[in-house]
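Take a look at the model below. Then follow this short report through its chains, strands and cores.

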Amino acid sequence: MDAWDPSYGSSFEGGAEGGDGPASPSSAQVDTDVEVPAAEWAPIDASPAVRCPDVVFLVDGVRRNDAGLWTAEEDGTSYAGLAASYAAGVVRCDLARGAAELVGARVGRGLFTASPSAEDVQAGSVRYEVHRIHGTGEASKLPAAVQAPLTALEIDISSAAREMGASLAADDLLVVDGPLRNRRQLPRTIGYVKTQQKQYLPASLTTVVTSLRPGQRTPVFHLGTVWGGWSWYLRLPGASGAPWSGIVRVECSPDLAPEQAIELADVSVATLPRFASSAYKDPRAPQNLVPIAGLERRLRGMLGDSRVLHRALTLATARSR
Amino acid sequence: MSGVSDDSSPVGRVLGTADATPLQFWTAVTPGSYLQLDDVVVTKRDLPDREPVTIAGVVTQVRARHEGAQFDSDVFAIADGTLPALVQEAAEITTTRVDPELYVPPAPGAIVHRATGEARDAALHFDRMERRIPMGTGRDGVPVFLNADFLDGTRGAHVSISGISGVATKTSFATFLLYSVFRSGALGADGTNARALIFNVKGEDLLFLDHPNTKLDESTRAAYKLLELPATPFSDVRVYAPPRAGDSSGAPDVSSRLTGVDTFYWTLEEFASLRLLPYVFADADDERQQYTMVVHSVTAHLHRHSVPAEGGISIDGKRLGSYGDLVDHIVEQLTDDETRSTWAGSAVNMGTVNAFARRLIGSKRDLARLIRGDLAQRRPHQIKTADSAQVTVVDLHNLPDRAQRFVVGVTLKTEFEEKEKAGTGRPLLFVVLDELNKYAPREGTSPIKEVLLDIAERGRSLGVILIGAQQTASEVERRIVTNSAIRVVGRLDPAEAARPEYGFLPPAMRQRALLARPGTMFVNQPDIPVPLCVEFPFPAWATRKSESGPPPSETMKSIVQGADPFAVVGSRAGSSDDDIPF
């Protein structure tokens with residue numbers, strides 16, 4: 001059995017038979033000889049010398065489509081629009097003090113459309129700013145457009161939170177939910193990938209991944225893709241026993257030296273397992289980390305009630321007609 | 001009602017996730033602030049085209065919870081520092097006052113202030129009380145008051161105090177209330193002239209009301225000062241005790257207090273002429289009992305035919321010198337076929353007479369020391385508050401149950417009849433009676449219960465105020481409890497607290513009453529919709545021998561006064577000016 005709730009899909013996107021791991025092999029160039037030669041690959045235990053940092057920041061964002069709209073242009077044509085709310089927040093887990101607090105959260109709302117005439121929409125007490133997108137603006141493309149401002153918001157907020165806590169702890173760690181992508185310039189930051197879609201490793205090394213025990217990681221390897229970088233797999237505790245359950249891929253900026261990447265890998269093995277969630281509390285356990293789940297709940301709360309917003313948007317658009 | 005006072009600080013906002021109603025609403029407490037039970041808060045509601053409405057209330061429940069936690073075990077993750085969560089406190093406010101009287105709910109989001117000074121007085125209706133009697137401090141350390149109108153009979157009277165014996169400090173609160181009435185000056189001349197009749201039923205705790213308490217410390221003194229009361233013992237106290245059993249001189253039966261104690265008893269002549277026989281029987285008015293008929297005819301016969309004879313009485317030409325003699329004589333006459341009909345009437349069968357005789361003989365042991373024919377008649381021996389000191393303490397703790405009932409019944413009857421005769425409500429007479437459930441039980445009738453019911457129902461206009469205490473209000477005659485304007489609750493028994501008699505307590509307060517500390521009472525008065533939690537100071541008078549200071553100088557005299565044949569009936573021990581200049 002895969003541990004995840006079926007409605008979330010699977011923790012890996014596999015073939016029909018399942019349990020085989022990520023199905024689609026990646027075309028990316030993979031350098032597996034970074035830490036140890038590929039022939040000597042074996043699971044690596046947490047290094048006893050590496051201590052879990054006292055302060056861990058976790059960043060995540062949530063988004064919600066509040067309403068789909070259609071614009072009425074003067075020439076009689078119509079463009080699709082999407083009113084979306086998104087929020088990003090940072091949790092500062094002070095493990096020494098035993099306090100997890102929300103150190104920054106910001107909510108943004110936008111009206112995503114290709115319409116040249118669209119204006120900001122004031123719906124009740126909130127304002128949806130227009131984000132004009134290029135191209136034809138088909139309705140199906142609009143949700144993807146929300147990701148850009150959300151990522152920007154996440155970067156903003158995590159640097160701000162980092163600055164606030166910089167004086168307090170020098171060896172902090174920033175965990176970003178999802179691949180790093182363009183967030184790689186943040187220092188001491190790892191990207192945390194819950195869902196395995198691509199099989200980066202050759203088949204011979206995949207067995208090393210599936211043979212990981214909880215709290216172990218694979219050696220660091222290098223991905224040669226556009227958003228690539230240093231990466232490694234890690235198995236979290238609380239997995240169900242399926243070969244790929246509890247496996248996450250962690251990555252860090254390619255701008256780092258291999259030694260720094262290996263150090264971060266060791267830190268991640270010491271840190272991440274204690275944040276793993278348990279199956280009865282979280283449908284995406286153990287990959288969905290406890291602070292992230294808490295943060296997402298808080299952020300969703302900050303997005304506001306969807307029914308209220310939907311009604312306000314309906315009223316606002318009806319009035320402007 | 002004045003507005004929110006300037007120095008009050010915002011403590012939170014009315015929350016909108018629970019219904020806010022005009023009579024009850026929830027407040028989210030600002031992080032860094034706190035609200036505790038009984039805190040007084042005030043908020044405002046702006047209305048179009050009208051002046052704003054001020055809504056004041058007291059905190060009746062507070063809660064804190066983790067927001068952002070879904071499961072109980074999340075608390076460990078939160079304490080561990082892995083799950084972000086927010087601790088949010090909220091307080092339930094029960095409205096005490098809406099001014100002007102427009103019952104609109106407070107708006108969610110409205111700022112809630114802690115009420116101090118005038119705003120607090122207004123919230124608790126103290127500003128509308130013309131005469132207020134301090135009865136202790138609230139949880140916030142500021143005095144709380146009792147509306148004198150509901151104590152002295154102007155708009156209501158009587159106090160009912162309930163609570164577990166020992167920890168509820170019922171008697172202490174009753175005496176403190178009396179002290180406050182006498183000393184606060186709130187009642188003016190009525191307060192100074194008022195009398196109190198206290199029945200001491202347990203231990204000798206109330207025998208030292210006029211002795212200073214040696215354990216009085218600075219903080220207690222400060223508490224009295226805060227209430228604007230002097231921290232002194234009662235000034236004018238007279239203690240009555242029954243005669244020692246088997247002692248022909250009639251010395252008072254007390255062990256710890258040696259000075260200033262007078263003996264009380266009734267002479268046989270008084271027993272006959274005042275028709276006291278029914279008070280010997282617990283159920284003499286019960287219609288189901290056949291023998292009560294005999295009681296009344298014997299009483300009448302005694303009244304008609306007894307002749308005073310040197311302390312005792314003479315009846316049918318026979319001199320009777322003690323209660324035992326009287327009982328023996330009555331039983332003899334009743335069992336004799338020839339005389340039975342003159343004593344008990346003609347239609348009485350032997351079984352009924354025997355029932356009467358059996359009970360009468362049973363009373364001999366208990367009452368012999370109280371109904372005397374061998375002591376000087378002129379000697380002061382009656383309990384009469386009008387001639388006594390400001391506070392009259394009647395010690396009953398050494399007496400058996402039947403004798404206690406007799407003393408309470410006869411004393412109250414006499415006092416009440418005096419008041420009826422005088423026809424005026426002044427001076428006020430406060431009667432403090434513990435274990436009211438024994439004297440006025442919910443079931444059955446008795447002469448004593450009749451007297452107490454009379455006091456409860458008509459005492460208000462005659463100036464007789466009953467301060468009754470009992471462990472369980474549910475066992476006391478309902479009409480007495482319902483006639484009490486002021487209801488006080490100390491620590492309660494859990495099963496007792498669930499009874500409808502305590503319906504005036506909101507659920508949270510009912511729970512708190514289960515763990516109320518000694519010295520904490522919940523006082524419900526008619527013009528405040530929520531009972532107030534009151535902490536009254538430690539008594540400034542001694543409550544037992546070990547903490548008693550030197551006795552007041554006036555009482556020293558009465559060491560010799562105990563059996564003084566020259567004493568004038570009703571002379572007051574306290575005032576040296578009135579002494580006969582021998």
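Which residue in β5(B) does B:Ala56 stand opposite? The residue facing B:Ala56 is B:Arg97. Keep in mind that this is a predicted model.

**The barrel in chain B**

That pair belongs to two neighbouring strands. Strand β4 of chain B covers residues 53–67, and strand β5 of chain B covers residues 86–99. They pair in the antiparallel sense, over 13 bridges. In general, the strands of a sheet pair through backbone hydrogen bonds, and the pairing is either parallel or antiparallel.

Now step back. In chain B, six strands form a closed barrel. Their order is β1-β2-β5-β4-β3-β6, and the pairing is antiparallel. From one strand to the next, the twist averages 40°.

**The two chains**

The table sets out some counts for each chain.

| Chain | Residues | Buried | Helices | Strands |
|---|---|---|---|---|
| A | 321 residues | 43% | six helices | 13 strands |
| B | 582 residues | 48% | 18 helices | 23 strands |

Contacts can also link residues that lie well apart in sequence. Take the contacts in chain B between residues at least 6 apart: 72% of them join residues at least 24 apart. In chain A, residues 24 or more positions apart account for 66% of the contacts with a separation of 6 or more.

The chains touch each other too. Here 12 residues of chain B are in contact with 19 residues of chain A. The chain B side of this meeting has seven nonpolar, four polar and one charged residues.

**Domains of chain B**

The C-alpha atoms of chain B fill a box of roughly 95 × 60 × 55 Å along the principal axes. Chain B is divided into three parts: domain 1 (10–128), domain 2 (132–263 + 380–561) and domain 3 (266–372). Note that domain 2 is written as two stretches of sequence, 132–263 and 380–561. The centres of domain 1 and domain 3 of chain B, taken over C-alpha atoms, are separated by 67 Å.

**Nonpolar cores**

The largest nonpolar core has 154 residues. Those with the most contacts inside it are B:Val393, B:Val394, B:Phe430, B:Val431, B:Val432 and B:Ile465. Helix α3 of chain B (residues 170–184) gives this core its largest share, eight residues. Another core lies apart from it, with 79 residues, among them A:Tyr86, A:Ala145, A:Trp230 and A:Val269.

What does B:Val394 touch, leaving aside its neighbours within four places in sequence? Its contacts include B:Leu197, B:Ile198, B:Phe199, B:Asn200 and B:Tyr240. B:Phe264, B:Ile383, B:Val407 and B:Thr411 are also among them.

**Two covered strands**

Start with strand β22 of chain B, residues 520–524. Five of its five residues are buried. On one side sit B:Thr520, B:Phe522 and B:Asn524; on the other sit B:Met521 and B:Val523. Both faces are covered. Three antiparallel bridges join β21(B) to β22(B), and B:Arg487 has B:Asn524 as its bridge partner. Four antiparallel bridges join β22(B) to β23(B), where B:Phe522 is partnered by B:Cys533.

Now turn to strand β8 of chain A, residues 173–177. Five of its five residues are buried, so β8(A) is largely enclosed by the rest of the structure. A:Leu173, A:Val175 and A:Asp177 lie on one side, with A:Leu174 and A:Val176 on the other. Here the pairing is parallel: β3(A) and β8(A) share four bridges, and so do β8(A) and β9(A). A:Phe57 is the bridge partner of A:Leu174, while A:Val175 is matched with A:Ile190.

**Two loop residues**

Is B:Ser546 buried or exposed? B:Ser546 counts as exposed, because it has 9 C-beta neighbours inside 10 Å. B:Ser546 sits in the loop between β23 and α18 of chain B. B:Ser546 and B:Val523 are 23 residues apart in sequence and 31 Å apart in space, C-alpha to C-alpha.

B:Gly203 lies in the loop between β10 and α5 of chain B. With 14 other C-beta atoms within 10 Å, B:Gly203 is partly exposed. B:Gly203 and B:His397 are 194 residues apart in sequence, yet 5.9 Å apart in space, C-alpha to C-alpha.

Terms used:
Residues are numbered from 1 along each chain as its sequence is written. Chains are lettered from A and ligands numbered from 1 in the order in which they are written. This is a predicted model: local features need pLDDT of at least 70, side-chain atom pairs count only at pLDDT 80 or more; totals for chains, interfaces and linings use all residues. Two strands pair if DSSP finds at least two bridges between them. Axes are lines fitted to C-alpha atoms, for helices over the stretch in contact, and angles run from 0 to 180 degrees between N-to-C directions. Two residues are in contact if their C-beta atoms, placed from the backbone, lie within 7 Å. Ala, Val, Leu, Ile, Met, Phe, Trp, Tyr, Cys and Pro count as nonpolar, Asp, Glu, Lys and Arg as charged, and the others, Gly among them, as polar. A nonpolar core is a set of buried Ala, Val, Leu, Ile, Met, Phe, Trp, Tyr and Cys residues joined through C-beta atoms within 7 Å. A residue is buried if 20 or more other C-beta atoms lie within 10 Å of its own, exposed if 12 or fewer, and partly exposed in between; C-beta atoms are placed from the backbone. Domain bounds come from an automatic or database domain assignment.
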